[in-house]
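User: I am new to this structure and would appreciate a close look at one part of it. Please describe its surroundings as well, so that the part can be placed within the whole.

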Amino acid sequence: MHVCLCVRVFSTVGVQHLRSFPPSGSSFCSQGNQIKSSCSLVAFVSDQAGKGAVPANLAVPAPLAYRHACSALVCFPHCLSDAPTRGVAMVPKLALDIGVCEVLRVMQLTENFIIPISYHVPRKDFHADLYPDTLGHMAAMTADEWWAGANKQVLAVPCTVPLTLGPHSHSRFYTDTFSTSPKSQDCSPLSTPSSSAAPSRSPSSTSGLSSGFLPSPSQGCSYSPSCPAGPSSKFRHIQGTVLHRDTHITNLRGMSLTTPGECDGFCANGQRMAVPLAISGGQIAVLELSQPGKLPDTALPTIQNSVNVADFCWDPFDSSKLVVAGDDAKIRMWKIPEGGLVETLTEPACILQGHTEKIYSIKFHPHASGLLASSSYDMTVRLWDLENGVEVKKLHGHQDQIFGMAWSPNGKLLATVCKDGKVRLYDPRKSAEPIQEGPGPEGHRGGRIVWVCDGQYLLVSGFDCRSERQLYLFSATSLASGAVASAPADVAPSTLIPFYDPDTSLAILTGKGDTRVYIFEITPEVPHFIECSSFHASEPHKGLCFLPKTQCNVRDVEVARAVRLGKTTIEPVAFKVPRVRKEFFQDDVFPDTAVWWEPALSAAAWLSGSDGQHRKISLRPTDMTLVSEAPKEAPVRKYLPSSVYLEEKTDEQKKEELLSAMVAKLGNREDPLPQELFEGVDEEEWVRSRSFIHMHET
């Protein structure tokens, strides 16, 4: 039979910028010019190592499942790349991904890279005929036994069927990380480098969607959420929709594109938005959500900070209070008049001083009013009482730049992620030093942190050692044990900014300059990350900011509402869950939500040791019935079965109807017979023809 082999060249991985290679020849653990495998596939390598040749031809000897009926040697399609080949080596058979029918993988050695090249048979499931028993890794005898005359063969072992099978088992990896216990040592990766659906790339690429390597032992077991047997989310078909143009704010000019990586780019609350402008003096425009439309061509009234803006955010309990951190290590608090800005503001209501270096970011306490945390280049985190305008706490322990920080849902703890590769946990009221510390993202390009799953876990977005964007999940009770799960995203320069909805456990992430918005459901149980449908914008956005839950249209099953900052526009985006019975209130996706826009206690009360919780309200309209209490609908068949129409007829009646239909069909044929279509000959022509024949005979 014919077998079609698909060749996949992975993105450049492994050792890069290799030096001091021999000028010619194969010096990369290859056996001459051919490499053999247990399934009798032979890969021939071109001798022209310096002319761009790569492991190209696959030949199959006759007596196997790959055999052609009329040929003892069948050549399959070539695999070509732009890089000259220095040598090749074959990966052991037991390392192949049999779940996607990978039958051969070779490693191409080029001048600067090592590139895996995978050969696949396009089949959907595991096929035993492609994977006979292969040689194991245990020696059959010692050198002394062989020297004494013994002859033993290496035992053959079967190719183990993977636990995760299916046509999509190679789309994406989700790695669960466990502590180094005997239980965790039993875990084995379910996917191999060939499983990543990375597109073919030239060796000049330095990164890709997948590295092509197995997870390190410290990363535990991998899990593929796209496997049909895996868990699914009720939000897996969530849809992001840009609302009508009548709700947009357009003609926005002169936006600043140089805000630091620790800044979200812009911020919004239920009433207004703040957008930094590329104007000297650190000016910020304040726009009202209730006034959509085209902005005037003239200059807008702004807030003038007199220095470059580092970060800014709205007070969650006062929609008219904007706090701005500047390059001069000062924090300015601005009061927006009722109805919005009508003139430029130059004098802040309050200025906070204490940091000795530029400020990274600022975060308000989720429960206490007027309590603000700030991080700075002086590697400290300070807490401020805005009511009195004083510094109340100073936290130490960081060794490098602080990428991000987040308050716990109960407001007791503060978590930070740092450039020194550490995730730290503080209890500010008890100690100025971290109470927990653990390994964080390996990359040093940026990071964000947010609490998830009712404060049980910390979600960190950052970069790995190859500068690929990654998501990490840490247990809040054991940071030292490392991440319990991780999920790869893609390759991009900007840090993924997370937004977490505690009502639905959805984490929505995007970066500045991205067009894609990732959506995951975070669960306390394995696999922790369940990927949902992504939202794709038509053009890159400068930021995405989410509004209070009360802004959502629950009648249309809208679970989140955001505003998207484009090049010259601000567009509302609604994230909806498709449901059939929208006339009922979907209480399974709309639990009681916390009123986080109202303070639970004052800053002074929190500093004295008190804790508070937000009250909760229901989003259910008064005229809607809960879907859990809706009457059950009997399934309705679109078409009635044929027995309904034939149940009152006997066999004789059915036979007569069938014969009548056949006779009627034959009797209704009005097509003439072929001989009836023949035309006759004129009488004069017939007489002339007979006369000619008679003369010819005489």
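Analyst: The answer below begins with the chain as a whole, turns to the part around strand β19, and then follows the links and features found elsewhere.

This is a predicted model, in which local features need pLDDT of at least 70 and side-chain atom pairs count only at pLDDT 80 or more, while totals for chains, interfaces and linings use all residues. Residues are numbered from 1 along each chain as its sequence is written, and side-chain values use heavy atoms, with hydrogens and water left out.

The protein chain contains six helices and 47 strands; these are DSSP runs numbered from the N terminus, with helices (H or I) of at least four residues and strands (E) of at least two. Of its 698 residues, 46% count as buried, where buried means under 20% relative accessible area, exposed means over 50%, and partly exposed lies in between (1.4 Å probe, protein chains only). The accessible surface is about 35,600 Å², and carbon and sulfur atoms contribute 54% of this area; areas come from the Shrake-Rupley method with a 1.4 Å probe, and for residues only the protein chains shown count as cover. Among contacts with a separation of 6 or more, 57% join residues 24 or more positions apart, a contact being heavy atoms within 4.5 Å.

The chosen part centres on T302, which lies in strand β19 (residues 302–304). T302 is buried, because its relative accessible area is 2%. Its side chain makes a polar contact of 2.7 Å with the side chain of Q283; such a contact is a pair of N or O atoms within 3.5 Å, in which, within protein, one must be able to donate a hydrogen and the other to accept it, and residues adjacent in sequence count only if both atoms are side-chain atoms. Beyond the neighbours within four places in sequence, the residues in contact with T302 include L277, I284, A285, L341 and E343.

Strand β17 (residues 283–288) includes E288. E288 counts as buried, since its relative accessibility is 10%. With residues up to four places away in sequence set aside, E288 touches I249, Q271, R272, G339 and G340.

After strand β19, the loop to β20 (309–315) contains S306. This residue is exposed, because its relative accessible area is 57%. S306 has a positive phi of about 70 degrees, although it is not a glycine. Most residues other than glycine have a negative phi, and most peptide bonds are trans.

Salt bridges follow. Side chains of opposite charge can pair when their charged atoms come close. Here a salt bridge is a side-chain nitrogen of Lys or Arg within 4 Å of a carboxyl oxygen of Asp or Glu, and by this rule there are 28 of them. In one, K335 pairs with D318, with the closest N and O atoms 2.7 Å apart. K335 lies in strand β22 (residues 330–335) and D318 in strand β21 (residues 318–326), so the pair ties together parts 17 residues apart in sequence. K335 counts as partly exposed, because its relative accessibility is 44%. R332 forms a salt bridge with D328, the closest N and O atoms being 2.7 Å apart. At 8% relative accessibility R332 counts as buried, whereas D328, at 26%, counts as partly exposed.

Further along the chain, R429 forms a salt bridge with D611, and the closest N and O atoms are 2.8 Å apart. R429 is in the loop between β31 (422–426) and β32 (436–439) and D611 in the loop between α3 (603–607) and β47 (616–617), so the pair ties together parts 182 residues apart in sequence. D378, R382 and E391 are linked in a network of salt bridges.

An unreviewed UniProt entry places the feature "repeat: WD" at residues 352–394 and 395–427; positions follow the numbering used here, feature names are shortened, and annotations may be inferred rather than shown by experiment. Over residues 395–427 the chain is 52% strand and 0% helix, with the end C-alpha atoms 9 Å apart.

Another loop, between β39 (516–522) and β40 (529–531), contains P527. The peptide bond from V526 to P527 is cis, with omega near 15 degrees. H528 is placed in the loop between β39 and β40, and its phi is positive, near 75 degrees. H528 counts as buried, because its relative accessibility is 5%.
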